[in-house]
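Student: Got a minute to walk through this one with me? I'd like to start with the terms and then poke at the details.

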Amino acid sequence: NNPEPNYASKKMRIFVSFRDSQDNRLNPIEGSSSLPDGVSSMTMGPHGRTPEDAHGFDCNTLANMIRQFPTRIRGICLVCLSATEVSPDYLELLILIFTKADSLTLNNLQHDLAYGILTGCCSVRPNGLRVLNFDYDDPFPVFSDNVVSTYQANLLFEAISSSTSLEVLRLGATFAEPEAAGLALVEALQQSQSLDRLELFLDTLHGDEVLDYLFQAAVLGSKVREIEWSTNKTEQDILFEVAADTLCHQDCVLEKIHFSGIEPLPRDEETISDGEYRTMANTSVKDCTFTSARIRSATRLMETVGLFKSIVYLNVCNDEISDLSALDPLLIGDNLTLQSLDLSGNSVWEEDAIEFFRKLPQMKCIRHISLECCHFNNPEMSESESWVDVCIDAVGQNRSLECLIWDDSEFPVQRVSPRIKVPLSLNRGGRRALDVESSSTRPLPNHLWPLVVERASGLRYYGYQDTWKKPKLESTRFDVVFWLLKEKMLGQCLGPTC
């Protein structure tokens, strides 16, 4: 169905930008028939659709350069020619690109033969392409008007299902027949042999049932470990029953789930009783994100998140959640695993925020909380002395929290921030060792305390640029050492005066 090619395009030049492993620009040696030394990635395409530092080559010259390169190329981003510009030399170049790249980004792929080449390269090479980004990250999206036909979609999904090396698929294509494409993708996922991560932009795949089938096929068919799905539409939802049955299936190995704009529908109490719901469990998911999902109710959120019994990271940004008490089962109790909670961008009432922080000393596992850009529904909150005192006192009594992020415009930062730096730094330095002494019949051996003090002395103050996972070291912190030893020797818990 492709138009007749313009064979004058045989002489068309392909423009290429070269980068090393540190993303530094590389220039080819003039007159050389080899790729630049140290090349790690390439961005190529027609004039105007590549970076300004791109160099022009004809198809034959560029093909010889790639053919002679001794190893595989880590990443190739290809903005393809239109169907009328494709020549035999260009198709030969595509074969080399598809077989030499570890990670391949394809945008604007139009010619049927190009899809056939992709399918052939994926099915015959056991150690071939590992990452495929298809119309997912176009460096020049203003030109993106490509629509994938049903025939082309079938070839694309055949390449996915037949590959034994493909680990990551990122798909954002526009399909001529979205429902047929969705069902073909379901079949491809069911047959996939190697897929580990699946990222989909779902605006072009219509219908909630297709979304349900895709979720089941990805989790139980191809057994992916990471899913990241996003949409800008309002009608994309997943039935709670489908999500629960899939996530709690014995074959589920999913570890990370990220939904943006996708809402798990409420539990149907007629199909899942309250007792049955509470016994359902998933122990594989550690990282869960629901952003811009219009959930609004933390109670509804917990119907899904409550399935995850081993969750470590929970991100519920911009979900219009105001009531935080429904999150208590994840934060308060024994044998909990949640370490990071991101509530950024939600609207929280002052009373709920105060009550949340009053419970902070009971949260024995949490290490990172973000309330950045939260819209607190009280214009006088920044002047509330009760809020300031509760926040400072709660942080001082908690021995696990290492990082607290807030928004300057909403929180009384000037009065709170200086007074919670020390307890957060102490917690990073090993203050929870005091919990071991107070709650265990076998206290921390004395010979280990010098190690705790040494770590505490090297930690810097909490700051906005800190990372809670890997706090950086700087000069000796005698104030942190002082407070740690004082709390150990005298049993005086840090309070508002710190």
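Tutor: Sure, burial terms to begin with: buried means under 20% relative accessible area, exposed means over 50%, and partly exposed is in between, using a 1.4 Å probe and protein chains only. This is a predicted model, where local features need pLDDT of at least 70 and side-chain atom pairs count only at pLDDT 80 or more, while totals for chains, interfaces and linings use all residues. Residues are numbered from 1 along each chain as its sequence is written, and side-chain values use heavy atoms, with hydrogens and water left out.

Student: OK, Asp23 then: buried or exposed?

Tutor: Asp23 is exposed, at a relative accessible area of 54%. Its phi is positive, about 65 degrees, although Asp23 is not a glycine. Asp23 sits in the loop between β1 (13-19) and β2 (25-26); strands here are DSSP E runs of at least two residues, helices are H or I runs of at least four, and both are numbered from the N terminus.

Student: And what is phi for Asn335?

Tutor: Near 60 degrees, again positive in a residue other than glycine. Asn335 lies in the loop between α10 and β16 (340-342), and counts as exposed at 77% relative accessibility.

Student: Switching topic: why is β9 called largely enclosed?

Tutor: Because four of the five residues of β9 (197-201) are buried, the rest of the structure largely encloses that strand.

Student: Which strands does β9 run parallel with?

Tutor: β8 (168-171) pairs with β9 in the parallel sense over four bridges, and five bridges join β9 to the parallel strand β10 (226-230). Pairing takes at least two DSSP bridges between two strands. Leu169 stands opposite Leu198 of β9, and Leu200 has Trp229 in β10 as its bridge partner.

Student: Does Trp229 turn up anywhere else? What about the largest nonpolar core?

Tutor: That core has 130 residues, and Phe157 and Trp229 have the most contacts inside it. A nonpolar core is a set of buried Ala, Val, Leu, Ile, Met, Phe, Trp, Tyr and Cys residues joined through side-chain atoms within 4.5 Å.

Student: Last thing, which residue classes line the largest pocket?

Tutor: Ten nonpolar, five polar and five charged residues. Here Ala, Val, Leu, Ile, Met, Phe, Trp, Tyr, Cys and Pro count as nonpolar, Asp, Glu, Lys and Arg as charged, and the others, Gly among them, as polar. A pocket is an open set of points on a 1 Å grid where a 1.4 Å probe fits, with protein on both sides within 12 Å along at least five of seven lines; lining residues have an atom within 4 Å of a point.
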